[in-house]
Amino acid sequence: MVDYKKDASELLTLIGGKENISSVTHCATRMRFVLQNPDNADIEAIEDLLAVKGTFTQAGQFQVIIGNDVAIFYNEFSKISGIEGVNKEDAKVDAKKNMSILQRMLAGLAEIFTPLIPAIVVGGLILGFRNVIGDIKFLEDGTKTIVDVYPFWAGVYSFLWLIGEAVFHFLPVGITWSIAKKMGTTQILGIVLGLTLVSPQLLNAYSVVETKAGDIPVWDFGFAQVQMIGYQAQVIPAIMAGFLLAYLEIWLRKFIPNAISMIFVPFFALVPTVLAAHVILGPIGWKIGDAISNVVYAGLTGGLSWLFAALFGFLYAPLVVTGLHHMTNAIDLQLMSQFGGTNLWPMIALSNIAQGSAVLAIIFLHRGNEKEEQVSIPATISCYLGVTEPAMFGINLKYLYPFVAAMIGSAIAAVVSVSSGVMANSIGVGGLPGILSINPKYYAIFAICMLITIVVPFILTVLFRKYNILNKVDTAPIRTFGKKEYRESAKTTN
């Protein structure tokens, strides 16, 4: 077993000492610090430590990449520093003091959707598979689908919709539960609130457009009538209702004695919230969601769609760095609800692939660097499977030029994707498997877009390194096919 005492001791010194650490925890591969003064950390010296494979700062936390031995390193660090770690939730709360108001809002949005992502991804894969067997006419000279010919697959097609409907149509239940969990309020009340938004008693949201105004069912209170409309797959109404319930419950607990709180807090929190959700918040949230999705859809289908696509494809990776990318989940889900699919998500999948391809080029250029390969190889695999943070923070941002090369490749692919009308049926796995979530009729053009995000970032990364474009820190020898060149790194960004 590797002895990490020396590196752990040096890390404590380089990070600014015990007095600079507000809290520390770890995840699967990284030490996560909340620092009193982040400027006191000597980042370059920390990255030179043998055990350290990179650093980055995100969501108010200074994160040090250790690798699979992070738990062992963490234990050594705790012994040397005398600092007891905290759980991840406490660290997140502590980290908020280093975040701006906007960052806190975005972090809150991320905390709502993060627990839902596994279900959304599974739902996306299921919808993609159903499209393959139920929508593509492979058989009998291109006249019938697999479902049309084989009863077994017809049964599978029907069965899988049970899960797909649960994920997407009943999404408001997951959102209101997640908000209750995040806010520390009663989670079952969040679930009940979500169910009141999608109850079968209500007119299904997908049937509203085709239903005459006079045929919409209502609750008749004598002096007023309230339309009984469901909010299946609606994101913003669920978010608004979820936060109202949470804040109302927190406020009520300040005034209602504990002896009777079990009875009165749930009643006076839930009933007014459900009423407000159907009378005020739901209709307003629906219109806001429609407005947002209409603007995005118009931008991606209008006369300047190529420009919108180029900007989004180029800037999505920097959005990930800032945390702003979390807002795209809500937009994607709103687009799916309103238009039956999303033309935004394919560009996200392509951006992920591009970042992985840039790291692949670094592996080629720096082959033989075993320490870096411990980060770069897993990071490339991670990118191609939809998770870009290890690649961006561990490699691409460190050298900068591969990050920009990936952004350019992503922008080119995004323009091709949008110009060709590529539409995803749902959110899915954001890397190479993302093609499974694409509408089958766009498989061929999306495969071309994927090829662009593999080839262009790789070539640009190699060229940028060869001619020292946007390169400040990479002084490793330039390795080509069978050759090794030595060239001085540029002192300033070209």
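This short presentation covers the aromatic residues and one surface patch of the structure shown above. Please note that it is a predicted model.

I begin with the aromatic rings. The structure contains 13 aromatic pairs. A pair of aromatic rings is described by two quantities, the distance of the centres and the angle of the planes.

Consider Phe267 and Phe268. Their ring centres are 5.2 Å apart and their planes stand at 90°, so this pair is edge-to-face; the cut-off for that class is an angle over 60 degrees. Phe267 has a relative accessibility of 49% and therefore counts as partly exposed. Phe268, at 39%, also counts as partly exposed.

Now compare Phe312 and Tyr316. Here the centres lie 5.6 Å apart and the planes meet at 35°, so the pair is tilted. Both residues belong to helix α13, which spans residues 305–322, and they are four residues apart, about one turn of the helix. Are these two residues buried or exposed? Phe312 and Tyr316 are both buried.

Aromatic residues also form a cluster: Phe129, Phe152 and Trp153 are linked by ring pairs. A ring may have a charged neighbour as well. Arg130 lies over the face of Tyr157, 3.9 Å from the ring centre.

I turn finally to the surface. A nonpolar patch is formed there by Phe221, Phe223, Leu275, Val279, Ile280, Ile284, Ile288 and Ile292. Together these residues have about 780 Å² of accessible area. Where does Val279, one member of the patch, lie? Val279 is in helix α12, residues 258–301. With a relative accessibility of 43%, Val279 counts as partly exposed, because that class runs between 20% and 50%.

How values were computed. Residues are numbered from 1 along each chain as its sequence is written. This is a predicted model: local features need pLDDT of at least 70, side-chain atom pairs count only at pLDDT 80 or more; totals for chains, interfaces and linings use all residues. Side-chain values use heavy atoms; hydrogens and water are left out. Patches are made of residues with over 30% relative accessible area and no salt bridge: like charges are joined within 9 Å, nonpolar side chains (Val, Leu, Ile, Met, Phe, Trp, Tyr) within 5 Å. Accessible areas come from the Shrake-Rupley method with a 1.4 Å probe; for residues, only the protein chains shown count as cover. A salt bridge is a side-chain nitrogen of Lys or Arg within 4 Å of a carboxyl oxygen of Asp or Glu. Helices (H or I, at least four residues) and strands (E, at least two) are DSSP runs, numbered from the N terminus. Buried means under 20% relative accessible area, exposed over 50%, partly exposed in between (1.4 Å probe, protein chains only). Rings of Phe, Tyr and Trp (its six-membered ring) pair if their centres lie within 6.5 Å; planes under 30 degrees apart count as stacked, over 60 as edge-to-face and the rest as tilted. A charge sits over a ring if NZ of Lys or CZ of Arg is within 6 Å of the ring centre and within 35 degrees of the ring normal.
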